[in-house]
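Here is a short briefing on one protein chain. Please look over the sequence and the model before reading on.

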Amino acid sequence: MRIRFWTRIDSINEAGQAPLNCYVIVNKVKCSDFSVDVMIPVEAWDSKQQQVNESHPLASVLNQKINFIRIRLMQIEMQLSLQEPSL
């Protein structure tokens with residue numbers, strides 16, 4: 001399973017912030033993306049590191065939220081794999 005986050009640059013608001021979305025890839029199949037209810041300036045997002053740049057004043061809080069989402073998705077994957085061994 002791969003988890004990727006990305007900014008929706010097509011939905012930038014008046015403050016120059018874009019919503020952060022997430023998608024999951026399972027067995028090389030991309031699942032539909034969803035919003036993680038985070039708005040960040042596009043230039044504050046580091047797509048390679050998959051986190052908010054440390055220079056952003058709320059980087060710590062936002063990165064914690066992103067990591068929580070990542071951990072929760074991995075927990076769900078684990079629960080599903082225990083129920084269905086073919087995953």
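In which sense do β1 and β2 pair, and over how many bridges? The two strands, β1 and β2, pair in the antiparallel sense, over 6 bridges. Keep in mind that this is a predicted model. The points below run from the whole chain down to single residues.

**Overall layout**
- The chain holds 1 helix and 6 strands.
- Read along the sequence, the order is β-β-β-β-β-β-α.
- The chain has 87 residues, and buried residues make up 31% of them.
- Along the principal axes, the C-alpha atoms fill a box of roughly 45 × 25 × 20 Å.
- About 6100 Å² of the chain is exposed, and carbon and sulfur atoms supply 54% of that area.
- Take the contacts with a separation of 6 or more: residues 24 or more positions apart account for 34% of them.

**Strand β1**
- Side chains alternate along β1.
- I3, F5 and T7 point to one face and are buried.
- R2, R4 and W6 point to the other face and are not buried.
- Within the pairing with β2, R2 stands opposite I25.

**Nonpolar core**
- The largest nonpolar core has 16 residues.
- F5, L20, V36, I40, W45 and V52 have the most contacts inside this core.
- Four elements give two or more residues to the core: β1 (2-7), β2 (17-26), β4 (34-41) and α1 (59-83).
- α1 gives the most, with 5 residues.
- In soluble globular proteins, nonpolar side chains tend to be buried together.
- L20 is one of the core residues with the most contacts inside it.
- Not counting residues up to four places away in sequence, L20 touches F5, W6, T7, F34, S35, V36, D37, V38, I40, W45 and I66.

**Cysteines**
- A search of the whole structure finds 0 disulfides.
- C22 is in no disulfide, and the nearest cysteine sulfur, that of C31, is 9.8 Å away.
- Why is there no bond between C31 and C22? The sulfur of C31 is 9.8 Å from that of C22, so the two are too far apart for a bond.
- The cut-off for a disulfide is a pair of sulfur atoms within 2.5 Å.
- Is C22 buried or exposed? C22 counts as buried because its relative accessible area is 0%.
- C31 counts as partly exposed because its relative accessibility is 35%.

**Salt bridge**
- The search of the whole structure finds 1 salt bridge.
- D10 forms a salt bridge with R8, and the closest N and O atoms are 3.0 Å apart.
- D10 is exposed, with a relative accessible area of 59%.
- R8 is partly exposed, with a relative accessible area of 25%.

**Histidine H56**
- Where is H56 found? H56 sits in the loop between β6 (51-52) and α1.
- H56 counts as buried because its relative accessibility is 15%, and the cut-off for buried is under 20%.
- Leaving aside neighbours within four places in sequence, H56 is in contact with P41, A44 and L62.

Definitions and conventions:
Residues numbered from 1 in each chain as written. Predicted model: local features only at pLDDT ≥ 70, side-chain atom pairs only at ≥ 80, totals over all residues. Heavy atoms only, no water. Core = buried A, V, L, I, M, F, W, Y, C linked by side-chain atoms within 4.5 Å. Buried < 20%, exposed > 50% of the residue type's maximum accessible area, 1.4 Å probe, protein only. Contact = heavy atoms within 4.5 Å. Salt bridge = Lys/Arg side-chain N within 4 Å of Asp/Glu carboxyl O. Areas by Shrake-Rupley, 256 points an atom, 1.4 Å probe, with all protein chains shown as cover. Pairing = 2+ DSSP bridges.
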